Amino acid sequence: MNLDIEGVRKFHGHSCPGLTIGIRAAELALREIGPHAADEEVVAIVETDNCSVDAIQYLTGCTFGKGNLIYRDYGKNAYTFIRRSDGRTLRIALRPDVLGAHDDEREQLFRKVLEGTATEEEQARSAILRAQQVDDMLAMPLEALFDIQDIDPVIPEKARIHGSMICTGCGEKVMETRVRLLGGHPYCIPCFETRDRRIQGHF
């Protein structure tokens with residue numbers, strides 16, 4: 001399968017192991033669920049908000065804007081893809097044993113890079129190890145990289161377009177399903193929370 005990996009990297013801004021996880025997850029989804037999502041035919045449910053999700057959006061066509069990319073804050077490299085036409089549902093989870101050699105060294109060096117304490121030599125070594133990790137992950141068979149499960153479908157509703165109301169606090173439009181009522185007046189969530197804290201005497 002020919003994937004626009006360079007396009008993904010440009011879209012995301014850089015190459016990294018996290019993005020590569022998303023590239024391979026999208027590759028598996030495209031192989032098993034089908035090609036680029038036309039409108040909302042394919043739904044992706046992602047259990048992380050890390051770099052991998054950019055690859056999934058770019059390659060599968062599942063996006064927040066269309067409403068067929070759903071985020072669940074579980075902190076897992078796990079992704080569920082649903083084909084609406086027949087309910088085919090696939091959950092893909094990164095195997096915990098796939099990161100390869102140099103795990104301890106790579107993680108220690110990367111931590112130092114993030115903390116700003118790595119020397120130039122350590123930064124260079126970290127970059128080499130992470131690039132090698134990316135290459136290793138791109139070369140691995142998909143079945144060795146992920147645990148793959150066919151699961152019973154729970155198909156989310158298609159995205160709906162809702163009306164808007166004017167927030168009493170800031171005067172901005174807010175989707176009616178997100179409005180909070182206070183004293184019979186509509187408020188957006190930030191204004192509601194601010195006024196509610198004042199009423200409760202927190203400031």
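Is cysteine 51 buried, partly exposed or exposed, and what is its relative accessibility? Select cysteine 51: its relative accessibility is 24%, so the residue counts as partly exposed. Here buried denotes under 20% relative accessible area, exposed over 50%, and partly exposed the range in between, with a 1.4 Å probe and protein chains only.

The model on display is predicted: local features need pLDDT of at least 70, side-chain atom pairs count only at pLDDT 80 or more, and totals for chains, interfaces and linings use all residues. Residues are numbered from 1 along each chain as its sequence is written, and side-chain values use heavy atoms, with hydrogens and water left out.

**Stop 1: the cysteines**

Keep cysteine 51 selected and add cysteine 16. The closest cysteine sulfur to that of cysteine 51 belongs to cysteine 16, at 3.8 Å, which is too far for a bond. A disulfide is a covalent bond between the sulfur atoms of two cysteines; the criterion applied is a pair of cysteine sulfur atoms within 2.5 Å. Next, select cysteine 188 and cysteine 191. The sulfur of cysteine 188 has its closest cysteine sulfur in cysteine 191, 3.5 Å away, and this is likewise too far for a bond. Cysteine 188 counts as buried because its relative accessibility is 12%. The disulfide count is 0.

**Stop 2: strand β3 and its neighbours**

Select residues 78-83, which form strand β3. Strands (E, at least two residues) and helices (H or I, at least four) are DSSP runs, numbered from the N terminus. In β3, 6 of 6 residues are buried. In a regular strand the side chains alternate between the two faces of the sheet. Colour the two faces of β3 separately: Ala78, Thr80 and Ile82 lie on one side, Tyr79, Phe81 and Arg83 on the other, and all are buried.

Now add strand β1, residues 42-46, which runs antiparallel to β3 and is joined to β3 by 5 bridges. Strands are taken to pair if DSSP finds at least two bridges between them. Valine 46 has tyrosine 79 of β3 as its bridge partner. Strand β4, residues 89-94, also runs antiparallel to β3, again with 5 bridges. In β4, alanine 93 stands opposite alanine 78. Between β3 and β4, select glycine 87: the hairpin has 5 residues between its strands, and glycine 87 takes a positive phi near 80°.

**Stop 3: arginine 83**

Centre the view on arginine 83, in strand β3. With a relative accessible area of 19%, arginine 83 is buried. Its side chain makes a polar contact with the side chain of aspartate 86 at 2.8 Å. Such a contact is a pair of N or O atoms within 3.5 Å; within protein, one must be able to donate a hydrogen and the other to accept it, and residues adjacent in sequence count only if both atoms are side-chain atoms. Leaving aside residues up to four places away in sequence, arginine 83 touches Glu32, Ile33, Gly34, Glu41 and Arg88, where contact means heavy atoms within 4.5 Å.

**Stop 4: isoleucine 151**

Which loop holds isoleucine 151? Isoleucine 151 sits between β5 (146-150) and β6 (164-166), and its relative accessibility of 32% makes this residue partly exposed. Add leucine 90: the two residues are 61 apart in sequence, yet their C-alpha atoms are 6.1 Å apart in space. Thr80, Thr89 and Arg91 are touched by isoleucine 151, not counting residues up to four places away in sequence.

**Stop 5: salt bridges**

The whole structure contains 11 salt bridges, each a side-chain nitrogen of Lys or Arg within 4 Å of a carboxyl oxygen of Asp or Glu. Select glutamate 6 and arginine 9, whose closest N and O atoms are 3.0 Å apart in a salt bridge. They are 3 residues apart in helix α1 (residues 5-12), so about one helical turn separates them. Glutamate 6 is partly exposed at 47% relative accessibility.

Move to helix α2 (residues 17-32), where arginine 24 and glutamate 27 also lie 3 residues apart, about one turn of the helix. Their side chains form a salt bridge, 2.7 Å from N to O. Arginine 24 is buried at 5% relative accessibility, and glutamate 27 is buried at 18%.

Finally, select glutamate 122 and lysine 112, which meet in a salt bridge of 2.7 Å, N to O. This pair links distant parts of the chain, with glutamate 122 in helix α5 (residues 120-139) and lysine 112 in helix α4 (residues 103-115), 10 residues apart. Lysine 112 is partly exposed, with a relative accessible area of 28%. To close, select Arg31, Glu32, Arg88, Glu143 and Asp150, which salt bridges with shared partners join into one network.
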